[in-house]
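Here's a quick tour for anyone opening this structure for the first time. We'll start with the pockets and then see how some of the helices pack.

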Amino acid sequence: FGYRRISASKVLEQNIWGGNPISFRLPTRRISSYGPFTTDFYFVSGKLARFQPHRFLTAGFLHGSAIHLLVNMQSLYQLPMFLEKGIGAPLYLAVYLTSIVTGNFSHDIVTGGNGTPCLGASGGICGLNGLLFSVLRKMDRDKESNVVLNNMFSMIIFGFMSSRVSNAGHIGGFVAGMIMGHFFAPNFKKSWSAKRSRWNDSDSNGQLRSSGLLKSNYGEYKSIIPLSYFYAALAFVFLTKAYIRDIPFTIIRGLLNPGRLGGVY
């Protein structure tokens, strides 16, 4: 799975006032082989992404082809169920969405803001793999965590062989998920009492119990930082930054009037 870079030949920026085509001085006419919906929401590194920050997130919900979508769906399906059911949906969702943003941010930095577009959910998927890596490490499951790491290395090697894959997006997502897993996922330590009721007894589908990943003499302990702090910080940024508050309304405008944000007409 991977971020899909979009060929530069498929997008042409023309400033109708003349001047540098990548200056994004409005108004701008965009001629694209992609539809108006895609050009409104895919990620484009550089000035356009900074002018329309919603793209850091919305690009994760677009794909370059049906095969691209199916491969990412399969990658999500192959993740162990306990990552969502056991660790918890709030952390799962936070890691997924944050990793999409950090993946695109990494792509923007590595490309030097040269206007290279990309789209795909693999930044978020790599973030979930980073979360899985951290959780397995906390469980002292080094062998299993090394498998996750080896899979990432294999994907990066494949990325070097294809100009249509953004390794920066994958690495940025994985690192974000790994860091969030370290700070926000539960800790696991040896405990004679081993009070693991939520993990071994109350887990409705028994994912963690059946997987055998949690050792019998290990207990669950609080995370380094409560996840509520992350959501509180997110709410604070949303309330204090006008350009962040405008993102939901920008997305709605793009959905109601496709092509408006991307300048396709």
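Let's begin with the lining of the largest pocket, where α3 (55-58), α6 (89-110), α12 (227-240), α13 (242-245) and α14 (247-256) each put in at least two residues. Keep in mind that this is a predicted model. A second pocket draws on α4 (66-77), α7 (122-138) and α8 (142-160), with two or more lining residues from each, and these helices come back below.

**The largest pocket**

- The largest pocket holds about 710 Å³ of space.
- Its lining is made up of 20 residues, and the ones closest to the centre are Leu 57, Val 101, Leu 234, Ile 244 and Ile 247.
- Which helix gives the most to this lining? That's α6, with six residues.
- The lining of the largest pocket is mostly nonpolar: 17 residues fall in that class, three are polar and no residue is charged.

**The second largest pocket**

- The second largest pocket has a volume of about 350 Å³.
- There are 17 residues in its lining, and Ser 75, Gln 78, Leu 79, Asn 129 and Asn 151 sit nearest the centre.
- Here α8 gives the most, supplying six residues to the lining.
- By class, the lining of the second largest pocket splits into 11 nonpolar residues, five polar ones and one charged one.

**How α4 sits against α7**

- The axes of α4 and α7 come within 10 Å, crossing at roughly 15 degrees.
- Because angles under 35 degrees count as roughly parallel, α4 is roughly parallel to α7.
- The crossing of α4 and α7 is left-handed.
- On the α4 side you'll find Asn 72, Ser 75 and Leu 76, which meet Ser 122, Ile 125 and Leu 128 of α7.
- That contact is an even split, with three nonpolar and three polar residues and no charged ones.
- Ser 75 turns up twice, then: it is in this contact and among the residues nearest the centre of the second largest pocket.

**How α7 sits against α8**

- α7 and α8 have axes 8 Å apart and pack at an angle of about 155 degrees.
- Are the two helices roughly parallel or roughly antiparallel? With angles over 145 degrees counting as roughly antiparallel, α7 and α8 are therefore roughly antiparallel.
- This crossing is left-handed too.
- From α7, the contact uses Cys 126, Asn 129, Leu 132, Phe 133, Leu 136 and Arg 137.
- Facing them in α8 are Asp 142, Glu 144, Ser 145, Asn 146, Val 148, Leu 149, Met 152 and Met 155.
- Sorted by class, the contact of α7 with α8 has eight nonpolar, three polar and three charged residues.
- Asn 129 of α7 is part of this contact, and it also lies among the residues nearest the centre of the second largest pocket.

**How α8 sits against α9**

- α8 also packs against α9 (residues 167-184), at an angle of about 160 degrees and with 9 Å between the axes.
- That angle makes α8 and α9 roughly antiparallel to each other.
- Their crossing is left-handed.
- α8 brings Val 148, Leu 149, Met 152, Met 155, Ile 156, Gly 159 and Phe 160 to the contact, while α9 brings Asn 167, His 170, Ile 171 and Phe 174.
- Eight of the residues in the contact of α8 with α9 are nonpolar, three are polar and none is charged.
- Some α8 residues do double duty: Val 148, Leu 149, Met 152 and Met 155 are in the contact with α9 and also in the contact with α7.

Definitions and conventions
Residues numbered from 1 in each chain as written. Predicted model: local features only at pLDDT ≥ 70, side-chain atom pairs only at ≥ 80, totals over all residues. Heavy atoms only, no water. 1 Å grid on protein atoms, 1.4 Å probe; cavity = no way out; pocket = protein on both sides within 12 Å on 5 of 7 lines; lining within 4 Å. Points joined across faces, edges and corners; volume = space filled by probe spheres on them. Helix = DSSP H or I, 4+ residues; strand = E, 2+ residues; numbered from the N terminus. Nonpolar A, V, L, I, M, F, W, Y, C, P; charged D, E, K, R; others polar. Axes fitted to C-alpha atoms, helices over the stretch in contact; angles between N-to-C directions. Parallel < 35°, antiparallel > 145°, perpendicular 65-115°, else oblique. Left-handed = near helix turned anticlockwise from the far one by under 90°. Contact = heavy atoms within 4.5 Å.
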